[in-house]
Amino acid sequence: MSQQTKWSQFGTLVTVFFFWGFVAASNDILIPVFKKALDLAPWQSQLISVAFYVAYTVGSIIYFGISRASGGDILNRIGYKNGISLGLIISAVGTLLFYPAAQTASYGLLLGGLFIVGLGFSLQQTAANPLAIVMGDPKTGSQRLSMAGGINNFGTTIGPLLVSFAIFGSVSAGNTTASIESVKTPYLILGAAFIVAALIFRFSSVPNKIHTVSDDVVEDPKDHLYKDRGSVFKYPQLVLGMIAIFIYVGVEVSTASNLPLFIEKHLGLDTSQVAPYVSLYWASLMIGRWTSSVGAFNLNKGITKILGFIMPYLAFLVFIIANKIAGHDVVPFYIYAAVIVAMIIGDYFSKGNPARQLLIYSALAIIALIIGMLADGMVSTFAFISVGLFCSTLWPCIFTLAIAGLGKHTNEGASFLIMMIMGGGLIPLLQGVLSSDAILGIQYSYVVGVACFLYLAFYAVKAKSLLKAQGIDYDSLESAGGH
């Protein structure tokens, strides 16, 4: 199957990727606000991440249970774009709870609202990932997912800035504290945006049904690649990949959600001044994903190589401009341009190989975390923030390796991978507990990230070995996912 990418449909689709990133990164602003207002312990404030990310797992379980009970896949019955519309409406309902949560200073209601928003996102993720893959030539499906991931990280870059502005007001005004009531307005506006997006999807040309490459494959018992093992759990690359997704999402979120506390303690900044640093972390993921998405345009190799150097700095420029508009002093961040070189070098040596890139980026992330724990001040801060650069393309790397060779079990395997997004709630909670001054303290709590990347490096090596034994050339895999 070979077809041109339907960019108008794809443009509509990526709006939900933007929302996922916007809300996920904005949670990092809510954490210190509620921690200070309600005098929460570090681990209690991390329940914001728990509520949001565990909802993905609960949503996937609900989806799986309803599909089995009704005798058919939900999206195949109601349609993919209709499923996204429904997911947006569910998320909009969740934002409504922010009003009574803010009025009554109820942490429980806030967590409940975020949980419902996450439930809606779970359904959106289940539908949007395969849609992005099939909207064009399957050979560039992973690059389209990287491009969608880049839009996701545009949301993560501006989300903290807009939400921080809505809560604290202008930086120049000197506001350093915020009442919980200031939280309700930005999230009610976000809920209205969800409803508008749901209507746009309902009447858009985004397909309700999809046709995948696996639909055209006739399985050959002699073919290692499509040999049916009977159960999705008999593919070790998937089982180990589920753990890898759990750990990857966990370390991605944990690094960011614990960053405000580190910055407040080690840079002496107030909660209202943390937003640009959180924004740079998520912009770092955008930098890596924009770089990876170059391949989606089918350009010649020379131009592709040139863009491989231009795109990361174009993404960095977006961060600079967004923060400049928000009124933040961007001069301290210019030096970060030198840090990006490490990612460009890692990308060059990975040569598009998912296992090699997973291994190289995991090693670079471990080095960054060790520097962050041993140094202090801005060196530590930029070291921890740079973990975002090395997290940037790990989702498609892991996803590609995990679903390789699953054949007709690919969709079921993919749903189990999405279920493991709950790591984004549990690993930050673990680091939050360890960050107590009575245990490790915030700086050394980042040893959790080191342990996570050690497993991801192990998975890179193990998955390569497993797939090779199955006769699979992982260098030419054409399917991937996006977060």
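**Group meeting: cysteines, salt bridges and helices in a predicted model**

The disulfide count for this structure comes to 0. Take Cys 391, which is in no disulfide: the nearest cysteine sulfur belongs to Cys 452 and is 9.4 Å away. With a cut-off of 2.5 Å between sulfur atoms, that pair does not qualify. Cys 391 is buried, because its relative accessibility is 0%. Please keep in mind that this is a predicted model.

Another cysteine, Cys 397, has 4% relative accessibility and so is also buried. Cys 397 is among the buried residues of helix H18. H18 runs from 394 to 403, and 10 of its 10 residues are buried. The list includes Trp 395, Pro 396 and Phe 399. After the helix comes Gly 405, with a positive phi near 80°.

Next, the core. The largest nonpolar core has 151 residues, and Leu 30, Phe 453, Leu 456 and Tyr 459 have the most contacts inside it. Helix H1, residues 7-38, supplies the largest share of this core, with 16 residues. What does Tyr 459 touch, leaving out residues up to four places away in sequence? Its contacts include Ile 398, Leu 401 and Ala 402, and these three are also on the list of buried residues in H18. Tyr 459 also touches Gln 237, Leu 240, Gly 241, Ala 244 and Leu 358.

Now the charged pairs. There are 2 salt bridges in the structure. One joins the side chains of Glu 252 and Arg 289, at 3.9 Å from N to O. Glu 252 is in helix H10 and Arg 289 in helix H12, so this bridge ties together parts 37 residues apart in sequence. Both residues are buried.

Lys 265 and Asp 437 form a salt bridge at 3.1 Å, N to O. This one links parts 172 residues apart, with Lys 265 in helix H11 and Asp 437 in the loop between helices H20 and H21. Are these two residues buried or exposed? Lys 265 is partly exposed, at 43% relative accessible area, and Asp 437 counts as exposed because its relative accessibility is 61%.

Last, helix H13, residues 301-325. At 1.5 Å a residue its 25 residues should span 36 Å, and the end C-alpha atoms are 36 Å apart, so the two agree. There is nonetheless a kink of about 30° at Gly 308, shortly before Pro 312. Both Gly 308 and Pro 312 are buried, and the buried residues of H13 also include Phe 316 and Asn 323. Just after the helix, Gly 327 has a positive phi of about 90°.

Technical notes:
Residues numbered from 1 in each chain as written. Predicted model: local features only at pLDDT ≥ 70, side-chain atom pairs only at ≥ 80, totals over all residues. Heavy atoms only, no water. Buried < 20%, exposed > 50% of the residue type's maximum accessible area, 1.4 Å probe, protein only. Helix = DSSP H or I, 4+ residues; strand = E, 2+ residues; numbered from the N terminus. Core = buried A, V, L, I, M, F, W, Y, C linked by side-chain atoms within 4.5 Å. Contact = heavy atoms within 4.5 Å. Expected span 1.5 Å × (residues − 1). Bend = angle between axes of the 7 residues up to and from the residue. Salt bridge = Lys/Arg side-chain N within 4 Å of Asp/Glu carboxyl O.
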